[in-house]
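Please open the model in a viewer and keep the selection panel at hand. The stops below proceed from the whole chain to individual residues.

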Amino acid sequence: MTNDERFMKAALREAVKARDMNEVPIGCVIVHEGKIIAKAHNLREKKQLSTAHAEILAINKACKKIGSWRLEECTLYVTLEPCVMCSGAILLSRINRVVYGAKDPKGGCLDSCIQIYKVKGFNHYPIWNGGILKDSCSEIISSFFREKRRQNKVKSNF
């Protein structure tokens, strides 16, 4: 197992926590010097905040842990391709590297909808790659929404 796979499995464990709280199952960990310094999962429903994405919550924790807003020596692992808000926060926090699991064709901003880190003019460009444990990362989200659709269908039949 590679380090990327090991840390993505930790992000998947965070996604399971989100799923178990009836949140969209996305998990994130941030690694510094080979160790996880921050873990988070989506909490939008619980906090009723549109910004309570796993990446934003993990970035906030990592900044506190490091004692700086600059996370230059860190790698962020997330189970789903980051959205525009999270991609921007990653860029602004100077995270060195981003690793994601599943692509997000409806909101991903590294590969899918736009390629934000290819836009000229920013003063920092993280390196990134996707597809690490993509099947597991995709399945947890797909099964979550399958179950939501099933529950909605059952409700509508009454």
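**Whole chain: contacts**

Begin with the entire chain, bearing in mind that the model is predicted. Among contacts between residues at least 6 apart in sequence, 56% join residues at least 24 apart.

**Whole chain: secondary structure**

Next, switch to a cartoon representation and colour by secondary structure. The chain contains five helices and five strands, and their order along the sequence is α-β-β-α-α-β-α-β-β-α. The radius of gyration is 16 Å, close to the 15 Å that the globule rule gives for 158 residues, so the chain is as compact as a globular protein of that length. If the view is aligned with the principal axes, the C-alpha atoms fill a box of roughly 55 × 35 × 30 Å.

**Surface and charge**

Now display the accessible surface. The chain exposes about 8,800 Å², and carbon and sulfur atoms supply 52% of that area. Of the 158 residues, 47% are buried. Then select the charged side chains: there are 27 positive and 16 negative charges, and the mean positions of the two sets lie 3 Å apart.

**Residues 2-111**

Select residues 2-111, which the unreviewed UniProt entry annotates as "domain: CMP/dCMP-type deaminase". Over residues 2-111, the chain is 40% helix and 24% strand. A distance drawn between the end C-alpha atoms of this segment reads 23 Å.

**Glu-55**

Which residue does the UniProt annotation "active site" cover? In the unreviewed entry, the annotation covers Glu-55. Centre the view on Glu-55, which is located in helix H3 (residues 54-66). Is Glu-55 buried or exposed? Its relative accessibility is 4%, and because buried means under 20%, Glu-55 counts as buried.

With Glu-55 still centred, show as sticks the residues it contacts, leaving aside neighbours within four places in sequence. These are Cys-28, Leu-76, Val-78, Leu-80, Pro-82 and Cys-86.

**Val-16 and His-41**

For the last stop, select helix H1 (residues 3-20) and pick out Val-16 within it. Val-16 has a relative accessibility of 30% and therefore counts as partly exposed, a class that lies between the 20% and 50% limits. Add His-41 to the selection and draw the C-alpha to C-alpha distance from Val-16, which is 8.6 Å. Val-16 and His-41 are 25 residues apart in sequence.

Conventions. Residues are numbered from 1 along each chain as its sequence is written. This is a predicted model: local features need pLDDT of at least 70, side-chain atom pairs count only at pLDDT 80 or more; totals for chains, interfaces and linings use all residues. Side-chain values use heavy atoms; hydrogens and water are left out. Helices (H or I, at least four residues) and strands (E, at least two) are DSSP runs, numbered from the N terminus. The radius of gyration is taken over C-alpha atoms; the globule rule is 2.2 Å times the number of residues to the power 0.38. Buried means under 20% relative accessible area, exposed over 50%, partly exposed in between (1.4 Å probe, protein chains only). Contact means heavy atoms within 4.5 Å. Accessible areas come from the Shrake-Rupley method with a 1.4 Å probe; for residues, only the protein chains shown count as cover. Lys and Arg count as positive and Asp and Glu as negative; His and the chain ends are not counted. The place of a charge is taken as NZ of Lys, CZ of Arg, CG of Asp or CD of Glu. UniProt positions are given in the numbering used here, feature names are shortened, and annotations may be inferred rather than shown by experiment.
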